[in-house]
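Me: I am new to this structure and would like to get to know it step by step. Could you take my questions one at a time?

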Amino acid sequence: MLTVLLVIAVVSGALIVGALWALYGKLRGRVEGIVVAVAGGSLLLSLVLELVQPAIEKSSMTTAVLGVLAGAGIFAAVDYLIDEKWGSETGGGMLAAITLDGIPENLALGVALIGAGAPEVAALAGSIMLSNLPEAASGARAMRDDQGFSKAKILGIWALTAAVLSACALLGYMFLERLTDDLLAFISCLAAGAVTASLTTEVLPQAHRQAPHWAGFATAIGLVLALLLHSLGG
């Protein structure tokens, strides 16, 4: 249990570190874009290896397909509402988008930790952490520059977000284990579909905007890192 709590704390704590990075550090757009691309490539492969493939093995291809499509559809609908209400480039819109990404990501992390140790889900946890850093940094910067929030208020918002997402991961780990294999597989693929949709609409486009000549190669690096971490985890 201690290992689970440590993994969750590190992953969600990256949101606070990202906000601190934006408020007190120097944020270079190209570096941010490369980090986002690495995280995107890593996350894409980890979802397949840690969520979709185990779901197929425990349940069926039909369950996996339905879960992935449902998750992607839900994300697309909610993402549209976020853009209409807040605007995709505002601090509030970024916060909402990160929370929308984070809930399925952290539920997925909690599910993946069921019956597995940190090494087995290192790729998934690491890629979520890497994506949290620049996303939180971008949101915090927009809140400061565009909306005039104080540093204390911005840090409070991101600390609360980190706490909520940590709770999602913990709930996924503690309570979803009691579900049947079919339902657990569907939830895993639901999360995988939502995060896959977020990669194509939020994460990878941001990487290309900030590092247009390096995003593709950095995404491939992330994919290779996820593959290596998965192989090390057994």
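Me: Thanks! In which helix is Leu15 found?
Reply: Happy to help, and a word on the ground rules comes with it: this is a predicted model, where local features need pLDDT of at least 70, side-chain atom pairs count only at pLDDT 80 or more, and totals for chains, interfaces and linings use all residues. Residues are numbered from 1 along each chain as its sequence is written, and side-chain values use heavy atoms, with hydrogens and water left out. Helices are DSSP runs of H or I with at least four residues, numbered from the N terminus. By that naming, Leu15 sits in helix H1.

Me: Is Leu15 buried or exposed?
Reply: The scale is relative accessible area with a 1.4 Å probe and protein chains only: buried is under 20%, exposed is over 50%, and partly exposed is in between. Leu15 has 0% relative accessibility, so Leu15 counts as buried.

Me: Which residues is Leu15 in contact with, leaving aside its neighbours within four places in sequence?
Reply: Contact here means heavy atoms within 4.5 Å. Trp214 is 199 residues from Leu15 in sequence and 24 Å away in space, C-alpha to C-alpha. With neighbours within four places set aside, the contacts of Leu15 are Ile98, Asn132, Ala136, Trp158, Thr161, Ala162 and Leu165.

Me: How far apart are the end C-alpha atoms of helix H1?
Reply: The expected span of a helix is 1.5 Å times one less than its number of residues. H1 covers residues 2-24, and its 23 residues should therefore span 33 Å. The model agrees with that, as the end C-alpha atoms are apart by 31 Å.

Me: On which residue is the kink in H1 centred?
Reply: The bend at a residue is the angle between axes fitted to the seven residues ending there and the seven starting there. In H1 the kink is about 30°. Its centre is one of the buried residues of H1, namely Ala14.

Me: Which residues does Asn106 touch, not counting those up to four places away in sequence?
Reply: Asn106 belongs to helix H4, residues 91-113. Its relative accessible area is 1%, so Asn106 is buried. Beyond the residues up to four places away, Asn106 touches Val11, Ser12, Leu165, Cys168 and Ala169.

Me: Thr99 is in helix H4 too; which residues is Thr99 in contact with, leaving aside neighbours within four places in sequence?
Reply: Thr99 is partly exposed, because its relative accessible area is 23%. Leu184 is 85 residues from Thr99 in sequence and 22 Å from it in space, C-alpha to C-alpha. Leaving aside the neighbours within four places, Thr99 has contacts with Thr161 and Leu165.

Me: Which residues of H6 are buried?
Reply: Helix H6 runs over residues 151-175, and its 25 residues should span 36 Å at 1.5 Å a residue. Its end C-alpha atoms are 36 Å apart, which agrees. The buried residues of H6 are Ile154, Trp158, Thr161, Ala162, Leu165, Ser166, Cys168, Ala169 and Gly172.

Me: Why does Cys168 form no disulfide?
Reply: A disulfide is a pair of cysteine sulfur atoms within 2.5 Å, and the count by this rule is zero. Cys168 is buried, since its relative accessibility is 13%, and Cys189 is buried because its value is 0%. The sulfur of Cys168 is too far for a bond because the closest cysteine sulfur, in Cys189, is at 19 Å.

Me: How many residues of H5 are buried?
Reply: Helix H5 takes in residues 122-145 and has 24 residues. From first C-alpha to last, H5 reaches 35 Å, close to the 34 Å expected. H5 is mostly covered, with the buried residues numbering 17 of 24.

Me: How far apart in space are Ala220 and Val38, C-alpha to C-alpha?
Reply: Ala220 is placed in helix H8, residues 215-233. Ala220 counts as partly exposed because its relative accessibility is 38%. Ala220 and Val38 are 182 residues apart in sequence, while their C-alpha atoms are apart by 7.3 Å.

Me: Last one: which residue lies over the face of Phe149?
Reply: A charge sits over a ring if NZ of Lys or CZ of Arg is within 6 Å of the ring centre and within 35 degrees of the ring normal. Over the face of Phe149, at 4.3 Å from the ring centre, lies Lys153.

Definitions and conventions:
Helix = DSSP H or I, 4+ residues; strand = E, 2+ residues; numbered from the N terminus.
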